[in-house]
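Work through the exercises below with the coordinates open. Each task is followed by a solution in steps.

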Amino acid sequence: MKIVVTGKIPRAGLEVLKNAGFKPDAWSQDSAMSRGELLAKVAGADILVTLLTEKVDAELLEAAGSNLKAVCNVAVGYNNIDVAACKARNVLVTNTPGVLTDATADIAIALILMTTRRLAEGERVIRSQTPWQWGMHYMLGAGVMNRVLGVVGMGAIGIATARRAKVCGMSVIYHSRSEIDPKIASELSATRVSFDDLLSQSDVVSIHCPSNDSTHHLFGKAQFEKMKPTAFLVNTARGPIVDEQALVDALESKQIAGAGLDVFEFEPKINSGLLHRDDVVMLPHLGSATVETRDAMAMLAANNAVAIANNRAPLTPVG
Ligand code: GLV
């Protein structure tokens with residue numbers, strides 16, 4: 001059984017594979033493989049353990065060959081994988097839901113506070129040794145108490161973000177394909193609303209839906225026009241959900257007040273129109289970046305691989 005791990009994963013994940021009797025062929029460098037190296041590396045694999053930086057498309061499946069049984073992504077999002085192409089070849093796909101919920105929700109809340117309270121901008125003042133003095137009117141932001149958080153995609157991460165926001169005094173509305181568990185809705189006093197109502201009523205919009213064909217550019221010019229000029233957009237999900245140029249235009253024309261971004265449309269490239277804006281806070285995709293979360297993600301992906309290798313059902317299949 002040839003298990004190829006296409007990116008450097010925490011040792012805890014490799015241990016799961018080794019303890020189950022496999023000898024994973026694992027990439028051990030910090031930087032991602034080139035496409036050419038990747039296509040060569042996957043040849044003859046039975047199972048791939050992949051990172052979100054690897055594009056798993058028809059070309060890669062072809063390069064892997066007919067032994068391939070499964071692609072086990074070390075991420076909850078799997079927009080790097082062409083699931084239809086996998087399905088057409090009977091290749092199973094798994095992801096890592098659950099284990100990164102809290103880490104990602106923490107980053108969403110951090111971005112909400114950083115954008116509304118101008119924290120990155122304030123820190124830049126200090127670091128650049130720009131003269132400053134406490135003043136009644138100096139660097140005022142917007143409080144979140146009694147403000148409305150609009151969650152787009154009320155899955156586990158959306159709910160965890162809403163819980164944290166409620167502790168900060170925010171009220172919660174959400175837009176999702178389905179109603180959430182009524183017990184959680186009542187705990188959060190969260191109301192399901194139409195997408196348009198969410199846009200027009202929210203003081204902060206936080207994106208937590210998956211990235212796929214139906215959510216590509218879910219946020220564009222028309223949506224920014226429906227948001228309050230005082231509202232902030234936070235994205236910890238995936239970059240392509242937001243039309244990044246439309247976001248730059250919306251910020252420039254003061255259609256919205258600011259944005260907090262952990263993900264980017266053409267990651268790791270950043271739209272140059274965002275780079276020098278004080279009303280934008282940007283992080284280099286840190287949503288799940290804690291030691292324990294990355295260990296848990298790697299272990300879950302490895303356990304999926306072990307289950308499939310042993311002809312058992314995977315723990316967290318996609319779809
Ligand atoms: C991280 O971005 C993930 O999808 O797991």
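**Exercise 1.** State what area is buried between domain 1 and domain 2, and what share carbon and sulfur atoms give.

*Solution.* Step 1: the buried area is about 480 Å², where buried area is the accessible area (1.4 Å probe) that two parts lose on being put together, summed over both. Carbon and sulfur atoms give 46% of it.
Step 2: on the side of domain 1, Leu52, Asn79 and Gly98 lose the most area to domain 2, together 64% of what that side buries.
Step 3: the model is predicted, so local features need pLDDT of at least 70 and side-chain atom pairs count only at pLDDT 80 or more, while totals for chains, interfaces and linings use all residues. Residues are numbered from 1 along each chain as its sequence is written, and side-chain values use heavy atoms, with hydrogens and water left out.

**Exercise 2.** Give the bounds of the two domains and describe the contacts across their interface.

*Solution.* Step 1: the assignment, automatic or from a database, gives 3-99 + 291-309 as domain 1 and 101-282 as domain 2. Their centres, taken over C-alpha atoms, are 31 Å apart.
Step 2: eight residues of domain 1 contact five residues of domain 2 (heavy atoms within 4.5 Å).
Step 3: zero salt bridges are found across the interface (a side-chain nitrogen of Lys or Arg within 4 Å of a carboxyl oxygen of Asp or Glu). Two residue pairs are in polar contact, both at pLDDT 80 or more (N or O atoms within 3.5 Å, one able to donate a hydrogen and the other to accept it within protein; residues adjacent in sequence count only if both atoms are side-chain atoms).

**Exercise 3.** List the residues that surround the ligand, then find the distances from its oxygen atoms to Val76, Gly77 and Arg238.

*Solution.* Step 1: the surrounding residues are Leu52, Ala75, Val76, Gly77, Leu100, Arg238, His285 and Met297 (a heavy atom within 4 Å).
Step 2: a polar backbone atom of Val76 is 2.8 Å from a ligand oxygen, and a backbone N or O atom of Gly77 is 2.9 Å from a ligand oxygen. For a side-chain N or O atom of Arg238, the distance to a ligand oxygen is 2.5 Å.
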